[in-house]
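Welcome! Please take a moment to look over the sequence and the 3D view, and then read on for a short guided tour.

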Amino acid sequence: MARIRGEEAAVATYEYRCPRDGAFDVTLPIGTAAARVLCVVCGDEAVRIFSAPLLARTPRPLAAAIERAAGSADTPEVVSEIPARPRARRSPANPTHARLPRP
């Protein structure tokens with residue numbers, strides 16, 4: 001958070017492009033970004049550019065699980081038999097670990 005006249009203000013990252021040095025970011029309080037600033041490298045005038053904010057995409061496995069769960073709310077999946085048991089765990093490399101209690 002930045003302080004403006006004794007108050008805390010939220011900050012945002014603004015992107016500018018210098019014709020000579022390329023794009024760079026400037027962090028300023030929200031609503032205070034100018035259309036042009038001086039380049040941090042060469043001091044020439046850089047123009048503000050508008051780009052997508054920091055967006056996050058849902059990972060495919062999670063999206064598939066959410067979609068499956070939403071779809072089963074109206075028409076639940078029906079099973080005709082008990083699923084197969086998971087395969088047995090292999091024995092630990094260290095034989096003393098075999099004597100440890102299992103959860």
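## The cysteines

At 6% relative accessibility, Cys39 falls under the 20% cut-off and therefore counts as buried. Please keep in mind that this is a predicted model. Cys42, in turn, takes part in no disulfide, and the cysteine sulfur nearest to Cys42 is that of Cys18, 3.7 Å away. Cys42 has a relative accessibility of 23%, so this residue counts as partly exposed.

How many disulfides does the structure hold? The number is zero. Cys39 is in no disulfide either: the nearest cysteine sulfur belongs to Cys42 and is 3.8 Å away. A disulfide needs the two sulfur atoms within 2.5 Å, which is why a distance of 3.8 Å does not qualify for Cys39. As background, a disulfide is a covalent bond that joins the sulfur atoms of two cysteines.

## The chain as a whole

Now let us step back to the overall layout. The secondary structure of the chain consists of one helix and six strands. Following the sequence, you will meet them in the pattern β-β-β-β-β-β-α.

The chain has 103 residues, and 10% of them are buried. Among the contacts with a separation of 6 or more, 20% are between residues 24 or more positions apart.

## A pair of rings

How many aromatic pairs are there? The count comes to one. The pair is formed by Tyr16 and Phe24, whose ring centres are 6.2 Å apart; their planes meet at 25°, so the pair is stacked. In general, the distance of the centres and the angle of the planes are what describe a pair of aromatic rings.

Are these two residues, Tyr16 and Phe24, buried or exposed? Both Tyr16 and Phe24 are buried.

## Val47 and its neighbours

Next, find Val47 in strand E6, which covers residues 45-49. Val47 counts as partly exposed because its relative accessibility is 35%.

Which residues does Val47 touch, leaving aside those up to four places away in sequence? They are Glu15, Tyr16, Arg17, Ala35 and Arg36. Tyr16 in this list is also a member of the stacked pair with Phe24. Val47 and Glu15 are 32 residues apart in sequence, while their C-alpha atoms are 8.6 Å apart in space.

## The largest pocket

The largest pocket has a volume of about 260 Å³. It is lined by 12 residues, and those closest to its centre are Thr13, Tyr14, Glu15, Ser51 and Ala52. Strand E3 (11-18) and strand E6 each contribute at least two residues to the lining. The largest share, four residues, comes from E3. Sorted by class, the lining has seven nonpolar, two polar and three charged residues. In general terms, empty space can be found by rolling a probe the size of a water molecule over the atoms.

Where does Ser51 lie? Ser51 is in the loop between E6 and helix H1 (60-74). With a relative accessible area of 49%, Ser51 is partly exposed. Along the chain, Ser51 and Glu15 are 36 residues apart, yet 7.6 Å separates their C-alpha atoms. Both residues are listed with those closest to the centre of the largest pocket.

Notes: Residues are numbered from 1 along each chain as its sequence is written. This is a predicted model: local features need pLDDT of at least 70, side-chain atom pairs count only at pLDDT 80 or more; totals for chains, interfaces and linings use all residues. Side-chain values use heavy atoms; hydrogens and water are left out. Buried means under 20% relative accessible area, exposed over 50%, partly exposed in between (1.4 Å probe, protein chains only). Contact means heavy atoms within 4.5 Å. Rings of Phe, Tyr and Trp (its six-membered ring) pair if their centres lie within 6.5 Å; planes under 30 degrees apart count as stacked, over 60 as edge-to-face and the rest as tilted. On a 1 Å grid over the protein atoms alone, a cavity is a set of points where a 1.4 Å probe fits but cannot get out, and a pocket is an open set with protein on both sides within 12 Å along at least five of seven lines; lining residues have an atom within 4 Å of a point. Grid points are joined across faces, edges and corners, and a volume is the space filled by probe spheres set on the points. Ala, Val, Leu, Ile, Met, Phe, Trp, Tyr, Cys and Pro count as nonpolar, Asp, Glu, Lys and Arg as charged, and the others, Gly among them, as polar.
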